[in-house]
Amino acid sequence: IGSNLTARLRQTAPDVQVRIFDNESLGKREHLDDFHGEFIHGDLRDRAALDAALEGVDAVVHLAADTRVIESIEDPAKNFDVNVVGTFNLLEAMRARGVRRLINASTGGAIIGEVEPPVHEEMVPRPMSPYGASKLMVEGYCSAYTASYGMHCVSLRFSNVYGPRSFHKGSVVAAFFKRILAGQPLTVYGDGTQVRDYIYVGDICDGIIAGLRSEASGAIQLGSGRPVTINELIAGIKAAVAPMKVDVDYQPFRAGEVYATYCDVSKARRELGFDPATPLSEGLSVAWKWFVDGRKTVA
């Protein structure tokens, strides 16, 4: 998301100066292609490094997180340290520097839990994994810092994001594309009827930029607003990668994962003018083309 966002900002807001702070645990400096802004290698858990990185900053887009549900179940302490302690450090550093605007990347289904979809912002959170719990805690701190210190913090609850520049990610579309390129079957945990909301990264970037330009605060769902089963996603992937052969290996369901979730984006439309216009078929085709061609220049 970060690499796509910097490119989108360069296109739509060339006067904006971008400074990136990243520990390169997943993404790398070279993933940013021709980014000409300032890059600082650092970790959210290092308060001194954060404080230095925020000098002269007007607004922060917070995308750094330990995001994988199953890994959070296996190691909840690490997930808490990165997501909760790291974000608390960021909020404190922002408060000390007088930086008032924060766009916080949150999540929808992992926070809300197993409920009748579509999920929306007024639902009572019931996270089913440490990852979801950590994101709920972060949203709570964002709300508190908005109310207590006059900051403007909006938590954008992303659904499943896919698109170009995601070869290093473990999200489902990226994982499936990498397996196809390696000639391996796609692994599905469950029977493929579980439902998700897939949003193209370009639409997410537009939502983030709209958030930066708005006075919105609190939680806002960002997704396509359309339910898609895993089997339907695989059908779309097969069409995008044709004539390559795609095999599917179905395994038992995994504990801690929500069975069905997609989101209501009415609040995002109302408060941000959000319009997720990219059809899944188009987004998958663009993403696959990047996996085949674009990634050759970025390992």
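# Reading packing, cores and backbone in a predicted model

Me: The crossing of α1 and α8 is right-handed. By which turn is a crossing left-handed or right-handed?

Reply: A crossing is right-handed if the near helix is turned clockwise from the far one by less than a right angle, and left-handed if anticlockwise. Helices (H or I, at least four residues) and strands (E, at least two) are DSSP runs numbered from the N terminus. Here α1 spans residues 2–12 and α8 residues 201–213; they pack at about 65 degrees with their axes 10 Å apart. Axes are lines fitted to C-alpha atoms, for helices over the stretch in contact, and angles run from 0 to 180 degrees between N-to-C directions. The contact (heavy atoms within 4.5 Å) includes Asn 4, Leu 5 and Arg 8 of α1, and Cys 205, Asp 206 and Ile 209 of α8.

The model is predicted: local features need pLDDT of at least 70 and side-chain atom pairs 80 or more, while totals for chains, interfaces and linings use all residues. Residues count from 1 along each chain as its sequence is written, and side-chain values use heavy atoms, without hydrogens or water.

Me: At what angle do α4 and α6 pack?

Reply: Two packed helices are described by the angle between their axes and the distance between the axes. For α4 (residues 76–97) and α6 (residues 130–149) these are about 15 degrees and 9 Å. The two helices are therefore roughly parallel (angles under 35 degrees). Their crossing is right-handed. Among the residues in contact are Phe 80, Phe 88 and Leu 91 of α4 and Tyr 141, Cys 142 and Tyr 145 of α6.

Me: Which residues touch the most other members of the largest nonpolar core?

Reply: In soluble globular proteins, nonpolar side chains tend to be buried together. A nonpolar core joins buried (under 20% relative accessible area, 1.4 Å probe, protein chains only) Ala, Val, Leu, Ile, Met, Phe, Trp, Tyr and Cys through side-chain atoms within 4.5 Å. In the largest core, of 51 residues, Leu 156 and Phe 177 touch the most other members. Beyond four places in sequence, Phe 177 touches Ile 237, Val 241, Leu 284, Ala 287, Trp 288 and Phe 291. A separate second core has 15 residues, including Leu 44, Val 60, Leu 91 and Val 99.

Me: Is Ser 155 buried or exposed?

Reply: Ser 155, in strand β5 (residues 152–158), is buried at 2% relative accessible area. Its contacts more than four places away include Asn 104, Glu 139 and Gly 218.

Me: Which peptide bond leading to Pro 118 is cis?

Reply: The bond from Pro 117 to Pro 118 is cis, with omega near 10 degrees; Pro 118 sits in the loop between α5 (109–112) and α6. The bond from Ala 242 to Pro 243 is also cis, with omega near 10 degrees.

Note on methods: Buried < 20%, exposed > 50% of the residue type's maximum accessible area, 1.4 Å probe, protein only. Parallel < 35°, antiparallel > 145°, perpendicular 65-115°, else oblique.
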